[in-house]
Amino acid sequence: MTSYIIRRLISMVLTVFVLALMTFLLMKSAPGGPWDATAADRKGLSETQQRVLNRQFGLDKPEWRQFTSYVIGDVDSEGEFNCGAICGNLGPSFKRRGQMVQDILFAPRSPEGDFFDSRFSFTLRLALAAITFGVLLGIPAGVISALKQNTWIDYVTAFITTIGISVPGFVVAIFLIYVFAVSLHLIPVVPKWDQTASWIMPSAVMGFGTMASLARYTRTQMLDVMRQDYIRTARAKGLQERVVVLKHMLRNSLIPVVTILGPVVAGLLTGSFIIEQMFSFPGIGAEFVNSIFNRDYSMIMGTTLFIGVLVVFANFFVDLTYGFLDPRIRLD
Amino acid sequence: MIGHKTKVLGLGLLATSLVLAACGTAAPSTPVIVEKEKIVEKVVTSAPQVVKETVVVAAPTAVPAAKAKVLRVNLGTYPDNLDPQKASFVNEIAHLKLAYEGLTKFDKDLQTVPGAAEKWAYNADGTELTFTMRKGQKYSDGSLLNAKRFEYSIIRNVNPATGGEYAFVTNDYIAGANAWGEAAAAVADAKDDAAKKTATEAAAKAEATLRASVQAQDAAGKPCADYKQEDCLTLKIKLGAPTPFFHTIMALWVAYPAKEENITAGKEQWTNSTKFQVGNGPYTWKVLEPQVKSRFEANANYYGDKAKTAIEFAYITDSAVSFNAYKNNEFDIIALAAEDLKTVQADAALNAQARIYAGSCTTQLAMNNKYPPYDDKQFRTAVAQAVDRKAWVDNILQGLGAPTQTWIPPGYPGYDKAEARFAFNVDEAKKALAASKAPTADKVPGGKLKYFASNSPRNKTRGEFLVQMLSKNLGIPVEMTLVDPTEYTARQKKGDMDGMFLQGWCADFPHQTNWLPTYFNSKSFASRWGYSNPANDKLMADADVTVDPVKAAAMYDQAQKTIIGDVSSMMFWNNVNSYLVKPWVKGLIQTPQDSGFAGDTVPTAIDIDVAMLPK
Amino acid sequence: MATLTQSAGKAPTASKGPITAKSEGQWQMIWRRLRRNKLAMGGLIVLILFVFMGVGAPLLTRQDPTEFNLGKDQLPPVWVAESPAKLKPNPEYIFGTDSAGRDVFSRMVYGARTSVFVGLIPTTIIMLIGMIAGMSSGFFGGALDNVLMRIVDMLEAFPDILFYIVLTVALRETAFGNAANGLLLLFFALAVVSWGGIARLVRGATLGLRSREFVDAARSMGASSAFIIFKHILPNALGIIVVWAALAMPRMIIAEATLAYLGLGMKPVSSMGDSYFLTSWGQIISEGRSSLNSQPWVLLTSSLCIALIVVAVTFFGNGLRDAVDPQQRGAGK
């Protein structure tokens, strides 16, 4: 087990490194620099200003050095060592000059706020709400459609879940906004994030996909388990149907479901971009989308790196959990 | 079958998570109490902090109609940079304009009037500007505002380390500003320690020179000691060359007096906190929730006209959502998107609420004077008279624009209302064409005229319309060339497009110098289409240094007339500001310089008729 | 929705026996099973319809999808009496016009081209790369296998949409990004990240197959590795590959729509002759968003089309998977 963990850790570090390298190279190959005026008729920064800023932000260093100083850190002009990405320092934002990327993502949005006030906490809470939504609706749906296989319940669920998996989130969001906020005026159009009402729609949209995947997967697992011998044994022993289902079927089905939580979490974190932007939700995703529009390269890179690391860790954690839960699985 | 318990637990979890999600957001609650004060405010004018605790409406339920006066505006994108010395976009400035005020400010006619400074004076040749501040001015938190504050903020704008996009607006004029920038760049460029040492010393000298150019002084002319000094009311600024319009520049946000100690205390996040964004403007910044909302309330310590309403900004980027929120009475002012114009016009009530008025930009149809037949003035005259501006505005711009024959837009100092020499007139155009060097296609090099546009579906359609109109009215075939966008900018700057193309300009500040010499000097933008009139260059340069504003205005006027008369390009259209404003918003003063929302040049004039608010 | 980085459900296992004279029979069996799955057939029909729509677009449309019809913008579709802007429909434009006056119907039809091709082309490329990588990896093993699988691990760890975005943002303004109106970059971005999944599947199948007797038999007869791979391994692995492709198509279509929505997809085309691909549904969605109040049908029809094609292909893919390996479904039909 330990050797597995160590190997995975090494592999993860390598993956993240490659991710960072690729993102860095791509950002550097984009034409234009961080100081270019965003519109053709704007003056932008003068050439002298750019020279000063380049020195300030370390952009006058050779490319390889910029990369290592971004990832690991570098010694600045005063001889002090400034730690890089591995310490959580994701560099200065080019558009929001004066603010560091990690502050934009993780720090409370204003000095008076607390953790709940940071963009990351908003995204996190939205993901949690989506997962809860998905788990509470998806797993029972999957179980029921497995138990009632090939009946109309099964078909309807299959239909809905297929739609849920296939239709892109922003399409669903568009329809929902149109129906609920615009036509029916059920939800205030201008969101107020301290009120639960405003959280419903974004959570529902994001959770819908999770629900669909979980339902689908749970059903498959349940069907698989249902055919197993030990279920027949349990029934033959005379156990109540309810006990059979709960104790044996469910537990054994849910174990593999854990494995898709990794991609689900990854999908939530990355799928939240557009949804956050559509609902003007103050999370990381919306910030990321805006930095794309703004060509704020350091922001794009920092966010990509962060989410990439998160996804890698999520997958690793899930694999580990899977290994613990099911002794039949040998992780090697 | 699924454990009933599990279901209940699950639902409970779901509910809890939703509630937690919402609860976790620290909702800065706005004390409703403060709103009530507004109703009594008119009685209590200049006595600060008096009414804050007095809640006149003891039993709120007894007076149901006494609603809070809040102007709710959807600003659109949340700004990147709320630092006065780094801001450059409209949305950023919209916030700063409310919380801060410069040494001067603009009135409803965009004339420069006293702001934090009650008067100013130039020396004889316009190379030194002295401001005299109002006595006893306070920030919104009650602390003193003296000249040293402005000294700090102006120097901060010049400081190369600040790196604001609008540094040029002070640096091009203050003595030693650009030199400091150059010296700092030299330090950045220094390759080895020895070079660095010399460069750093030179930079220190340059900085000292600049600091001597911007000095806060007391009545005796001695440099002020600190921010607490009460008789520190004079600010002397040395200008590199005579700049009689520098007082106009001091109304811009670049010199807004952000507090030094706040900037230091808040470090990088200082701009995101109302604790540190303490200003001297007509409003106090009460709430700042990035990407969600901002709230401004009347600054009781403001010396001038008190604000009549509070202002709240929301940041909904989706124009469709914004429009719906407006219809739902969740906003009082929003920007009217072009896509919604027809819907608004089709509805009588909404149409009455639409405010469409001249903006701050002008677009012209440039003709490259370097290439025949555009080197012939008669030919250019023919072209200028062959374009139906109104048809363009109606068909292409859907009415969101205004035809113009002059350069400076209406509402700006120097606007020439009477200019009508190149009105649309096909007969006159044909006459001019007949008298020109190229009356027919065979006299034109290549047999046809060229029109250049940056490649995009929108530009293509516009181009097609224009090209068709010109061909028909001139009787000479005109061909459009779509150029790849990045190449287009490069070619524009090189000036090698041998034909016609559109060029535009928007005002940085309301003064003729920003429109005329900045743009039409032979060496600046005008070189892109080969316009050169050295005599006019001199006239404009002279106007720039004429201290007497009346004389200067006359000189600018003449220069503009010359520019139009030379018809190096055809003046085409002005853009418009388009907003939807609820009928209960009263007293709103529109100016072309409005940037964040309609009326934001003089926001204190805005009032809300509470009786008209929906119940 | 959360686009999973792995397809939901288990990967089908290779069929149980060597493919010999029974190969035609096996595919006929698959087809028979597929035919009985009504949803899957429905999906296939819809897909074919869309393909015809895309390919035959010039025949189906009368209006120019790129032409800005001045003065005729935001017209409603013919079945609506009056639009919110109080405009009456014009029978020349059956689905109405968008904010720029372009005919919505012809844009929808031409948009089908992009969606279908975006479904097909990157999927095919990925399939090819993945197949070659997977089969080589599984068959030859050793260092090649190690290296390839490490690369696949890394690729799988990337959140793919993130990578598409970064890649597109970075290269959008370059010559490469401008080729084919930005579609070359799009296909490249989609292909480069996604081949890992199929490679892994194919590798698994190859591993299972290479130790079979018929491989030994072929080898003893002097067959080269390439011959064995193509004649024996490939046909057996084809089932998995086809199913995977069918399930990957919707992901590609969604990725394109998402990128277009963010403004990172195809570049706008100015006139009909400029390119084979004039527009995409994702682009129409992104253009139509701001006119939700005045001309909602642009947004609604384009969203509906994306939803339809994606659902159709998903149903078909699921059906195909169930048909190829009936054990998958538990109590198979």
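This section walks through chain B as a whole, two helices, a nonpolar surface patch and a handful of salt bridges. The model is a predicted one.

Chain B is a good place to start. It runs to 615 residues, and 58% of them count as buried. Its fold is built from 21 helices and 19 strands. Among its contacts with a separation of 6 or more, 69% are between residues 24 or more positions apart. The accessible surface of chain B adds up to about 24,100 Å², and carbon and sulfur atoms account for 57% of that.

Helix 21 of chain B takes in residues 549-566, 18 residues in total, and spans 25 Å from its first C-alpha to its last, close to the expected 26 Å. At its N-terminal end sits a cap: a side-chain oxygen of Asp548(B) lies 3.0 Å from the backbone nitrogen of Val550(B). Just past the helix comes Val567(B), with a positive phi near 40 degrees. The buried residues of helix 21 in chain B are Ala552(B), Met555(B), Tyr556(B), Ala559(B), Gln560(B), Ile563(B), Ile564(B), Gly565(B) and Asp566(B). As for what covers them, the list includes helix 13 (377-385), helix 18 (512-515), helix 19 (517-520), helix 20 (534-545) and strand 17 (569-581), which belong to chain B as well.

Over in chain C, helix 2 (residues 38-55) also has 18 residues, and its end-to-end C-alpha distance of 26 Å is close to the 26 Å expected. At the start of this helix, Asn37(C) brings a side-chain oxygen to within 3.3 Å of the backbone nitrogen of Leu39(C). Ala40(C), Met41(C), Gly43(C), Leu44(C), Leu47(C), Phe50(C), Met53(C) and Gly54(C) make up the buried set of helix 2 in chain C.

Leu39(C), itself part of helix 2 of chain C, turns up again at the surface. Its relative accessible area is 39%, so Leu39(C) falls in the partly exposed class. Together with Trp152(A), Val156(A), Phe159(A) and Ile160(A), Leu39(C) makes a nonpolar surface patch of about 490 Å². Helix 6 (residues 152-166) of chain A supplies the largest share of that patch, with four residues.

Turning to charged pairs, there are 38 salt bridges over all chains. One of them joins the side chains of Arg156(B) and Asp83(B), at 2.8 Å from N to O. This pair ties together distant parts of the chain, 73 residues apart: Arg156(B) is in helix 4 (residues 147-158) of chain B, while Asp83(B) is in the loop between strand 1 (70-74) and helix 3 (90-99). Arg156(B) has 12% relative accessibility and so counts as buried; Asp83(B), at 3%, counts as buried too.

A more local pairing is found in helix 14 (residues 389-395) of chain B, where Asp394(B) and Lys390(B) are four residues apart, about one turn of the helix. Their closest N and O atoms are 2.8 Å apart in a salt bridge. Here Asp394(B) is partly exposed, at 39% relative accessible area, and Lys390(B) is exposed, at 53%.

Chain C has a salt bridge between the side chains of Asp98(C) and Arg102(C), with an N to O distance of 3.2 Å. Asp98(C) counts as buried because its relative accessibility is 8%, and Arg102(C) is likewise buried, at 8%. Finally, Glu47(A), Arg51(A), Glu182(B) and Asp189(B) are joined into one network by salt bridges that share partners.

How values were computed. Residues are numbered from 1 along each chain as its sequence is written. Chains are lettered from A and ligands numbered from 1 in the order in which they are written. This is a predicted model: local features need pLDDT of at least 70, side-chain atom pairs count only at pLDDT 80 or more; totals for chains, interfaces and linings use all residues. Side-chain values use heavy atoms; hydrogens and water are left out. Helices (H or I, at least four residues) and strands (E, at least two) are DSSP runs, numbered from the N terminus. The expected span of a helix is 1.5 Å times one less than its number of residues. Buried means under 20% relative accessible area, exposed over 50%, partly exposed in between (1.4 Å probe, protein chains only). A polar contact is a pair of N or O atoms within 3.5 Å; within protein, one must be able to donate a hydrogen and the other to accept it, and residues adjacent in sequence count only if both atoms are side-chain atoms. Contact means heavy atoms within 4.5 Å. Patches are made of residues with over 30% relative accessible area and no salt bridge: like charges are joined within 9 Å, nonpolar side chains (Val, Leu, Ile, Met, Phe, Trp, Tyr) within 5 Å. Accessible areas come from the Shrake-Rupley method with a 1.4 Å probe; for residues, only the protein chains shown count as cover. A salt bridge is a side-chain nitrogen of Lys or Arg within 4 Å of a carboxyl oxygen of Asp or Glu.
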